[in-house]
Structure formats: structure tokens, C-alpha cells
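Q: Could you walk me through this model? I'd like the overall picture and then some of the details.

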Amino acid sequence: MKKLYLLALLISVHSFSQSLVRIEPENFSTVYFFGGIASFNDSEIAVSGRDAMPPNGIAKLYLFNTDSSGITPNVIMDSPEANQFFGGGIEMTDNYLFAGSTTNSTNVANGGAVYVYKKVDDVWEYLLKIQPSTQHVNDYFGSNVKVHNGQLFITASGYDENGDSVTNHGAVYVYNQMGDAFSLQQILIGTPENSEFGSLLDIENQMMVTTSTTSTEDLIHMYKIENSNWELLNTTPMPTIYFESNPDIYIPHYDRISFSNLKLYMYDIVDTEFDNLGQKMIKIYDWSENTEEWNFTEDFIFQEGDYYEYKVKVSGNNMFIIPIGFYILQMERKNPAFHFVNENGSWTYNNAYGGMSSYTNDNFGHFTLIKEDKVLFGNSNEYWSHPLMAANGGAYMLDVTLGLNEFESNNFAVYPNPTDGKVTLHSQNS
């Protein structure tokens, strides 16, 4: 008999940690596309969804309370204006909730707006609506919303400074917040040949990264705040992905990079001589204050999954690498989110997470938001009733301080060993 070695097998097995908690609205079977976008604070979660099957469903915000006993539904929020609907970015702080309405047409068709709510005696009350004084058709103001250091950032994905309704150059409006008042500080725009500017907003300390695309390349824009204004320091082209085994690979610019720890993390894939899977990596860059440019430092090589297209999200010591496209081995499966942890300066694999329904082929992690040690995953294409109908969707919360996967060999039993046939792998943990 030959002795069986299981090292490669154990490396390739990804367990779904039990610290992942499903967020379930009341009567979830009648909610659709739940988890398309969301936000949270220390004790509450807000998740978008529709209250009926399309085309009749209306977008609403589903709010939840979180405490030591778990996650419980709180209220369902309707748009404060008749015939103007939620849709776009969501941002939640301890005292304010911001909800985009990109198709809001109270000024011009699809000009957009952002609704602001304030918490008063533990109840969210509608406060005001933010709209630019000048809007054009199809500006889609409210497509992305962020709050940082007393400023509110709102993207208008269809903005064009000449008012062209069929272009989508994009712009980021920056507002200063003073109590319940918001005053426009500045408007950030890309160059005329850019589009989709502001789709990504990663802000840390006094630095901000956003992206855009042109007909020939994807671009990274680095800003720094100077005397209350955000000033452009650097625009850098992203390395072009060319993978001979699959030249049709496409990763949106806003999914391909993440900014954290004053470092830039960028997904890339290159051909290898004998491997159709290619060599997948996260390219890591440091920002140089002296030269005001990104300097390449290292490639973090990973092999998890049989995918070509990934998004990357990094915050502090946590990195999530999430497949967003075609997989090579055509075996249907749950979409995973691979979690890596930085320990002593090195990124190491920790765990993988996925949705909890019994149906495969969802989009777990296509929306991912990290705030300190908590991660919110959206899974808007998750099916719970029948895969031929519209998807109900899903959302999940992860506390990474509870999700570390400590592997101990004595937690596993393997038998018989040695063997020349069937083997059983038993885990005492699950």
C-alpha cells in the first residue's frame, strides 16, 4: 500500500467560516436584488432591495440593528419624494444616513439627488435633499457616496461639463458638513477624454484615490487635501492586462485596485509558459511624497480559484480577493471571497467565504465594504426560492476578529492511512 499525503488537498479546501452572519429581511422571499449596495455603522446596517419582482418592484432601504444577540430587522425606508426612487450609493455614519437617487428628475431627467437622514432619539428622520444648483440630463448625481473627516463626497457618474447627456465623464462633488448643513467646496473632474471618473472613492487620512478610463487605458488619480481643497498630485496609467490564453479578460478599473495603508493594491495576471491558469497577483505600490508618484514594491502571488477576473479590497491588515467573472472549470459553485491577513509584513491565506443558499452561481462579494474589523458583503444575485425567477439576493456581515481560521492538525482525522482507495477526512469543527 502507498501512504497518502494530504497536504495539497488541505491547501485547496476552503472552509466557509461560521462567523459569517446572514442579514435577512422580514419576508425575504418577497424581496428582490437585496444586497446590491449597502453600508453600516457600529450598530446598524442599511441594505438596498426591491419590494417586489421586477418590473414592479420599488427600491427601498432595509435597516437592521446589530448587537451581541445578532442582526434583527428594524425599519423599511421609502423614498421621501413621490415617484422619485432610491438607487445609487449609500453611506451610514452614527448620526447620518445618505441615500443616492440617481434617477431623481425633480430638476432635470435623471439629474440625481442624495437624501440625508438624521438619527433623532434612535429614529432616522428625513433631514434634507442635496442637489447641485446646476444639473444636466443624465448626470446621475448620487451614484457613489462617501463621508470622510467632515466632508461628503458624491459622484455624478454621467456628468459632462458641457451638459452632453450621452457622455459619462463623471465628477465628484465635495461638500463640507457643519452640523446639519452641507456646503459645496469643489467639484473634481477628470480630463475631457476620461469617463467613469469617481466610480471608485478610496480615502485615507489626507489622501484620496479614484479611477477613470479612456478608449485606450485605465487611469489612477491621486489627490491630497491642501488648504481645504483636494489637489491632483498624480495620474498614473494602470498596467494593461494581456493574457494570451484568454485575451477577452476584462476587469473594471474601479474593481481592479484598492487604496489602504498608503499603499496601492492592483490585481494583475500574466501568462506562464505551461499554465493556462496564468500567474495571478496583487501588485503593491508605495506612495512617494518626495516624487509624488507610485513606486512598485512587490507582487503578492496567489493561486486560489480557477478564475481570471478578480476584484481586490484592502483595509488595514485584511485583504479580500473576489472572483467577478468566468471560471475555467465549468463546475457550478458558490462564488467565494478569499480572505488574506497581513502578519508581520506578509499576506497569508486565512479563509474563504460564500453565500448560504443552496443554489450556485451567485455574485457573493461583488459588493464588499470594509470598516475597521467588520466586512459587509452583498450578494444581489443569490437565489433562495427558484433559480429561474428573479433573484432575492442576500447580504452578510463578517467580523474578521472572529473569523481567523486557526488550523490545527489534531482537529482532523484521516482514515484509513495508508490506503490504496477511498479515504475519509473528518473535521471536528464542522
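Q: Before the side chains, what status does asparagine 246 or any other residue have here, and how exposed is phenylalanine 296, which caught my eye?
A: This is a predicted model, so everything said here is computed from predicted coordinates. As for phenylalanine 296, its relative accessibility is 43%, so the residue counts as partly exposed, the range between 20% and 50%.

Q: And which ring does phenylalanine 296 pair with?
A: The partner is tyrosine 285: the ring centres are 5.7 Å apart and the planes stand at 70°, so the pair is edge-to-face. Tyrosine 285 belongs to strand β20 and phenylalanine 296 to strand β21, so the pair ties together parts that are 11 residues apart in sequence. Tyrosine 285, with a relative accessible area of 12%, is buried.

Q: How many aromatic pairs are there in the structure?
A: The structure holds 28 aromatic pairs. One of them joins tyrosine 159 and tyrosine 173 in an edge-to-face arrangement, at 6.2 Å centre to centre and with 85° between the planes. This pair links distant parts of the chain, 14 residues apart, since tyrosine 159 is in the loop between β11 (151-156) and β12 (171-178) while tyrosine 173 is in strand β12 itself.

Q: Are those two tyrosines, 159 and 173, buried or exposed?
A: Tyrosine 159 counts as buried at 14% relative accessibility, and tyrosine 173 is buried too, with a relative accessible area of 3%.

Q: Which rings are linked into a cluster?
A: Ring pairs link Tyr267, Phe300, Phe302, Tyr307, Tyr310, Tyr327, Phe340 and Tyr349 into a cluster. Tyrosine 327 also has a charge over its ring, as the charged end of arginine 333 sits there, 3.9 Å from the ring centre. In another such arrangement, the charged end of arginine 22 sits over the ring of tryptophan 384, at 3.5 Å from its centre.

Q: OK, zooming out: how many helices and strands does the chain have?
A: The chain has two helices and 30 strands. It has 430 residues, of which 49% count as buried. Among contacts with a separation of 6 or more, 47% are between residues 24 or more positions apart.

Q: Which residues touch the most other members of the largest nonpolar core?
A: That core has 24 residues, and Ile282, Phe300 and Met319 touch the most other members. At least two residues of the core come from each of β19 (263-272), β20 (275-288), β21 (293-302), β22 (310-315), β23 (318-323), β24 (337-343) and β25 (346-353). A second, separate core consists of 15 residues, including Val114, Val116, Phe141 and Tyr175.

Q: What does methionine 319 touch?
A: Leaving aside residues up to four places away in sequence, methionine 319 touches Tyr265, Ile282, Phe300, Val312, Lys313, Val314, Phe338, His339, Phe340 and Trp347.

Q: You listed Val114 in the second core; what is the bridge partner of valine 114 in β9?
A: Valine 114 has isoleucine 130 as its bridge partner in β9. Strand β8 (residues 113-120) and strand β9 (residues 123-130) pair in the antiparallel sense over seven bridges. The two strands form a hairpin with two residues between them, and aspartate 121 in the turn has a positive phi of about 50°.

Q: Switching to the open sheet of four strands, in what order do they come?
A: The order is β2-β3-β4-β5, with antiparallel pairing. Each of β2 (38-40) and β5 (70-77) stands at an edge with a single partner strand, so one side of each is left without a neighbour in the sheet. Direction ignored, neighbouring strands of the sheet are turned by 25° against each other on average.

Q: How many bridges join β2 to strand β3?
A: Three bridges join β2 to strand β3 (residues 44-50), and the two run antiparallel. Alanine 38 stands opposite valine 47 in β3.

Q: Last topic, the loops: where does asparagine 205 lie, and what does it touch?
A: Asparagine 205 lies in the loop between β14 (202-204) and β15 (207-213), where it is partly exposed, with a relative accessible area of 47%. Not counting residues up to four places away in sequence, asparagine 205 touches His148 and Asn149.

Q: And asparagine 246, buried or exposed?
A: Asparagine 246 is buried, with a relative accessible area of 17%. This residue lies in the loop between β17 (229-237) and α2 (253-256), and asparagine 246 touches Tyr308 and Phe326, not counting residues up to four places away in sequence.

Note on methods
Residues numbered from 1 in each chain as written. Predicted model: local features only at pLDDT ≥ 70, side-chain atom pairs only at ≥ 80, totals over all residues. Heavy atoms only, no water. Core = buried A, V, L, I, M, F, W, Y, C linked by side-chain atoms within 4.5 Å. Buried < 20%, exposed > 50% of the residue type's maximum accessible area, 1.4 Å probe, protein only. Contact = heavy atoms within 4.5 Å. Phe/Tyr/Trp six-rings, centres within 6.5 Å; stacked < 30°, edge-to-face > 60°. Lys NZ or Arg CZ within 6 Å of the ring centre and 35° of its normal. Pairing = 2+ DSSP bridges. Axes fitted to C-alpha atoms, helices over the stretch in contact; angles between N-to-C directions.
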